[in-house]
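Hi,

Here is the structure I promised to pass on to you. Have a look at it first, then read on for what turned up.

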Amino acid sequence: MEIFIKVKVGSSETEQILVKSGLRQGDSMSPVLFNIVLEKVIRAMNVRPDEGVKLQNSSIGLLAYADDLVLMEESP
């Protein structure tokens, strides 16, 4: 079975594109691979323990849940 996609930006849409590799949405391996890649990205960001928003005696530099990421920066 061949899989085709289209990319839509605003009201513009591309022609069909043949998908040659990757996982289909809903594949049981998707969350595992996503977490592996996300771990690498988060570590590469080098968020220091003292960066971010101060909350009592702690700092929150990065929030990550499922496919959402929030990089916290303290306002000047």
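Start with the surface: Ile5, Val7, Val9, Ile17 and Val19 form a nonpolar patch there, and together they offer about 380 Å² of accessible area. One member to click on is Val9, which sits in strand S2 (residues 8–9). Is Val9 buried or exposed? Val9 counts as exposed, because its relative accessibility is 62% and the cut-off for exposed is over 50%.

Before you go further, keep in mind that this is a predicted model. The average pLDDT of the protein is 82, and 92% of the residues score at least 70. Which elements have the lowest and the highest mean pLDDT? Strand S8 (residues 68–71) is at the bottom with 72, while strand S3 (residues 12–13) is at the top with 94.

Now for the overall layout. You'll find one helix and eight strands in the protein. If you walk along from the N terminus, the elements come in the order β-β-β-β-α-β-β-β-β.

What about the overall shape? The radius of gyration of the protein is 18 Å, whereas a compact globule of 76 residues would have one near 11 Å. Along the principal axes, the C-alpha atoms fill a box of roughly 55 × 30 × 20 Å. Buried residues make up 4% of the 76 residues. The accessible surface comes to about 7,000 Å², and carbon and sulfur atoms account for 55% of that. One more number for the whole protein: take the contacts between residues at least 6 apart in sequence, and 12% of them join residues at least 24 apart.

Next, the charged pairs. How many salt bridges does a search of the whole structure find? The answer is two.

One of them links Lys6 with Glu13, and their closest N and O atoms are 3.3 Å apart. Lys6 is in the loop between strand S1 (3–5) and S2. Lys6 counts as partly exposed because its relative accessible area is 46%, and Glu13 is partly exposed too, at 47% relative accessibility. Which residues does Lys6 touch, leaving aside its neighbours within four places in sequence? Lys6 is in contact with Glu13, Thr14, Glu15 and Gln16. Try looking at Lys6 and Gln16 together: these residues are 10 apart along the chain, yet their C-alpha atoms are separated by 5.0 Å.

The other salt bridge joins Arg43 to Glu39, with 2.5 Å between the closest N and O atoms. Where do you find this pair? Both Arg43 and Glu39 lie in helix H1 (residues 30–44), and they are four residues apart, which is about one turn of the helix. Arg43 counts as exposed, at 60% relative accessibility, whereas Glu39 is partly exposed, with a relative accessible area of 37%. The two get separate labels because exposed needs over 50% and partly exposed runs from there down to the buried cut-off of 20%.

Last stop: Leu63, found in strand S7 (residues 62–65). With a relative accessible area of 42%, Leu63 is partly exposed. Leaving aside its neighbours within four places in sequence, Leu63 is in contact with Asp68, Leu69, Val70 and Met72. When you look at that spot, remember that strand S8 (residues 68–71) has the lowest mean pLDDT among the elements, at 72.

Cheers, and enjoy exploring!

Definitions and conventions: Residues numbered from 1 in each chain as written. Predicted model: local features only at pLDDT ≥ 70, side-chain atom pairs only at ≥ 80, totals over all residues. Heavy atoms only, no water. Salt bridge = Lys/Arg side-chain N within 4 Å of Asp/Glu carboxyl O. Buried < 20%, exposed > 50% of the residue type's maximum accessible area, 1.4 Å probe, protein only. Helix = DSSP H or I, 4+ residues; strand = E, 2+ residues; numbered from the N terminus. Patch = residues over 30% accessible without salt bridge, like charges linked within 9 Å, V, L, I, M, F, W, Y side chains within 5 Å. Areas by Shrake-Rupley, 256 points an atom, 1.4 Å probe, with all protein chains shown as cover. Rg over C-alpha atoms; globule rule 2.2 N^0.38 Å. Contact = heavy atoms within 4.5 Å. pLDDT = per-residue confidence, 0-100.
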